[in-house]
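Reader: Could you walk me through the internal cavities of this one, and what lines them? I'd like a close look at that part alone.

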Amino acid sequence: MDKNRLDYLDFLKVFMAIFIVTVHVALAYAPGIWWFYKSLPEDDWLLVYYQIINPIAMALFFLLSAYFFPASFDKKGAKKFMKGKLIRVGVPFIAGVFLLIIPLHFFYHLQFRDCGYTTLYSYTWNMFFGIGGDANACHDRWLDIWPDLKVAHLWFLQHLLIYASIYTLIRQLVRKKEHKFLGRPSNVKIVAFILVLTTITFAMRTKFPLDYWNGFLGAIQMEYANVPKYALFVILGVLLYRTDWLTTFPIRRGMVWLGFGFILLLTTLFGYEYIPFFLASGEFSLNTFLWTLWDCFMTVSLGIGLIVLFREGSRYLYKGFRQFSQNTYGVYLFHVPIVVFVQYFFRDLSEPIYVRFLIECVVSVLISFAFTHFIRKSKTVRKFI
């Protein structure tokens with residue numbers, strides 16, 4: 001695996017991380033969906049923006065993360081591979097829950113509820129973990145779930161650790177490396193993958209609508225409607241490592257897929273009010289199937305196109321951009337409290353909603369990268385982030 005190959009995938013992660021920051025900024029203004037800080041007025045388009053961009057970015061994050069599983073496992077073996085994941089994923093997850101997520105939930109609790117539990121200690125045990133608390137004590141406009149036990153954006157770390165564990169188990173049982181059965185890249189294989197992805201995702205969405213989050217086994221936070229997409233992108237990432245698809249995929253074909261995906265994306269963002277099946281949330285229906293098919297084509301098309309675009313364009317990026325890529329993981333970990341802080345700081349801004357949204361996006365992205373760059377100066381921090 002050459003150095004340039006690592007660079008362009010890391011640069012793509014930077015691009016995805018920036019978009020993840022923006023979708024969480026959008027949640028403050030999105031109607032009918034919970035966020036740590038809610039603001040008025042609300043705007044339907046920002047909800048659509050979140051619903052479209054977030055799963056695309058997260059699917060690519062899963063693919064790019066899983067792509068490096070085989071190389072790491074081949075080099076380290078099962079024990080060291082899992083030890084590395086526990087250090088780099090497990091420790092930040094546990095620390096993040098107690099140092100970031102619980103204080104954020106407590107902030108939300110004080111801002112939007114008036115039902116007691118006003119100390120961090122009482123809130124943590126009685127409301128967040130639900131130990132000894134009253135299930136009927138606290139309600140608000142956006143959140144009617146008790147206990148508050150949710151890990152927000154850290155669900156990605158939860159799932160990544162689970163996928164790494166499953167991968168380790170399979171490699172231990174099979175004792176063989178993945179086969180190169182994907183062969184040469186072709187449009188037929190890509191469409192076949194999209195159809196399989198659509199079928200499995202549609203089956204899940206007939207029972208679980210979009211934006212329905214719940215704790216699997218009580219603790220594993222997930223949006224069931226998109227889990228098949230993320231799981232299959234993990235599998236695809238692992239399989240792609242044993243092939244040369246990423247380095248040999250034809251540029252022209254990659255740009256065609258990118259253009260196709262971009263057209264689907266723009267049509268969705270600006271035509272959601274006019275096409276009935278767009279963002280069909282769930283149930284066994286033609287609209288749900290059509291939206292799932294559209295969604296899967298859009299996600300895969302953009303994934304292919306962006307990988308090829310960054311592969312070819314990375315040579316033109318400023319070399320200092322590599323420092324941004326080193327901070328991507330930290331940006332993902334820390335951006336949510338930074339976004340909430342920025343939104344609260346600009347709470348009295350009287351500008352139009354889209355101007356506020358853009359200002360908060362730019363400030364949140366800049367602070368997230370600057371903060372991560374600063375704390376990673378510590379060798380101890382770099383062991384985990």
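Author: Here's a tour of the cavities, with a short stop at the nonpolar core. This is a predicted model, where local features need pLDDT of at least 70, side-chain atom pairs count only at pLDDT 80 or more, and totals for chains, interfaces and linings use all residues. Residues are numbered from 1 along each chain as its sequence is written, and side-chain values use heavy atoms, with hydrogens and water left out.

Searching the whole structure turns up 2 cavities of 30 Å³ or more (a cavity is a set of points, on a 1 Å grid over the protein atoms alone, where a 1.4 Å probe fits but cannot get out; lining residues have an atom within 4 Å of a point). The largest holds about 70 Å³ of space, volume being the space filled by probe spheres set on the points. Its lining is Y50, Q51, N54, P55, L210, D211, E223 and N226. Helix α2 (residues 44-67) is the top contributor here, with 4 residues (helices are DSSP runs of H or I, at least four residues). By type, that lining splits into 3 nonpolar, 3 polar and 2 charged.

The second largest cavity has about 50 Å³ of space, and you'll find Q51, I52, P55, R205, L210, N226, L279, W291, D295 and M298 around it. Two elements, α2 and α10 (286-313), each give two or more residues to that lining. Its mix is 6 nonpolar, 2 polar and 2 charged.

As for the core (buried nonpolar residues, under 20% relative accessible area, joined through side-chain atoms within 4.5 Å), the largest one has 130 residues, and I52, W291 and M298 are among those touching the most other members. Again α2 gives the most, with 19 residues.

Definitions and conventions
1 Å grid on protein atoms, 1.4 Å probe; cavity = no way out; pocket = protein on both sides within 12 Å on 5 of 7 lines; lining within 4 Å. Nonpolar A, V, L, I, M, F, W, Y, C, P; charged D, E, K, R; others polar. Buried < 20%, exposed > 50% of the residue type's maximum accessible area, 1.4 Å probe, protein only.
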